[in-house]
Amino acid sequence: MKPPAPCPDPEPVTPAADPVAAFEASAFARLLGMHIIEARDGYARVEMDCAGKTNPHGIAHGGAVFSVADHAFGIASNCGNIQYTAVSVHIQYIAPAKGRLVAVAERVATNETCDTFRVLVYEGERKVAVFDGVAFRLP
């Protein structure tokens with residue numbers, strides 16, 4: 001049996017030139033069907049349908065929930081004039097999900113080297129996960 005062909009990557013978009021377009025066009029985001037609803041420095045909303053991303057129990061796979069939260073975190077931390085990289089993340093799963101997820105990321109703290117973000121993941125009005133991430137400011 002032949003392995004599936006990899007997803008071809010589009011022409012790279014320079015993140016500094018248009019970070020939202022770069023994140024929207026990333027191969028991983030396209031593979032999971034994630035879409036940016038809104039983005040600005042310190043804030044992002046990303047949506048993803050759980051269809052095709054379920055575990056054997058028929059609910060959203062934890063890795064899929066994590067991925068949409070992490071994507072929102074990356075966008076919120078890199079939409080400004082300063083580039084960041086994640087150094088620490090933690091997720092708490094609160095409730096199972098089956099439908100469309102929306103991850104809302106917001107900067108909640110900053111210091112001289114790092115910013116902290118909180119990402120809430122919803123299915124409709126119901127909160128399904130809480131994700132906290134620390135992003136290190138790159139030189």
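The exercises below work through the fold, the sheet, the core, the pocket and two single residues of a predicted model.

Residues are numbered from 1 along each chain as its sequence is written, and side-chain values use heavy atoms, with hydrogens and water left out. Because the model is predicted, local features need pLDDT of at least 70 and side-chain atom pairs count only at pLDDT 80 or more, while totals for chains, interfaces and linings use all residues.

**Exercise 1. Describe the order of helices and strands in the protein chain.**

Step 1. The elements are DSSP runs numbered from the N terminus, where a helix is H or I with at least four residues and a strand is E with at least two. On that basis the protein chain has 3 helices and 6 strands.

Step 2. Read from the N terminus, the elements follow the order α-α-β-β-α-β-β-β-β.

Step 3. Of the 139 residues, 37% count as buried, a term that means under 20% relative accessible area, with exposed meaning over 50% and partly exposed in between (1.4 Å probe, protein chains only).

Step 4. A contact means heavy atoms within 4.5 Å; among contacts with a separation of 6 or more, 59% are between residues 24 or more positions apart.

**Exercise 2. Work out how strand 4 and strand 5 are paired with their partners.**

Step 1. Two strands pair if DSSP finds at least two bridges between them. Strand 2 and strand 4 run antiparallel and are joined by 7 bridges, and in this region Asp49 stands opposite Arg100 of strand 4.

Step 2. Strand 4 also pairs with strand 5, in the antiparallel sense and over 9 bridges. Ala105 has Val119 of strand 5 as its bridge partner, and Arg107 has Phe117. The two strands form a hairpin with 3 residues between them.

Step 3. Strand 5 in turn is joined to strand 6 by 10 bridges, again in an antiparallel arrangement, with Val121 bridged to Ala129 of strand 6. This hairpin has 2 residues between its strands, and Gly124 in the turn has a positive phi of about 65 degrees.

Step 4. In a regular strand the side chains alternate between the two faces of the sheet.

**Exercise 3. Identify the elements that build the largest nonpolar core.**

Step 1. A nonpolar core is a set of buried Ala, Val, Leu, Ile, Met, Phe, Trp, Tyr and Cys residues joined through side-chain atoms within 4.5 Å. The largest one has 31 residues, and Val68, Leu101, Val119 and Val121 have the most contacts inside it.

Step 2. At least two residues each come from helix 2 (27-32), strand 2 (43-49), helix 3, strand 3, strand 4 (100-110), strand 5 (114-123) and strand 6 (126-137). Helix 3 gives the most, with 8 residues.

Step 3. Leaving aside neighbours within four places in sequence, Leu101 is in contact with residues including Val46, Met48, Val65, Val68, Val121 and Val128.

**Exercise 4. Characterise the lining of the largest pocket.**

Step 1. On a 1 Å grid over the protein atoms alone, a pocket is an open set of points where a 1.4 Å probe fits, with protein on both sides within 12 Å along at least five of seven lines, and lining residues have an atom within 4 Å of a point. The largest pocket has a volume of about 160 Å³, a volume being the space filled by probe spheres set on the points, which are joined across faces, edges and corners.

Step 2. Of the 15 lining residues, Phe23, Asp70, His71, Phe73 and Gly74 are the closest to the centre.

Step 3. Helix 1 (19-25), helix 3 (62-78) and strand 3 (84-93) each supply at least two lining residues, and the largest share, 7 residues, comes from helix 3.

Step 4. By class the lining has 7 nonpolar, 7 polar and 1 charged residues; Ala, Val, Leu, Ile, Met, Phe, Trp, Tyr, Cys and Pro count as nonpolar, Asp, Glu, Lys and Arg as charged, and the others, Gly among them, as polar.

**Exercise 5. Decide whether Asn78 and Arg126 are buried or partly exposed.**

Step 1. Asn78, in helix 3, has a relative accessible area of 8% and is therefore buried. Not counting residues up to four places away in sequence, Asn78 touches Pro19, Phe23, Gln83 and Tyr84.

Step 2. Arg126, in strand 6, has a relative accessible area of 36% and is therefore partly exposed. With the same sequence neighbours left out, Arg126 touches Ala95, Pro96, Ala97 and Val121.
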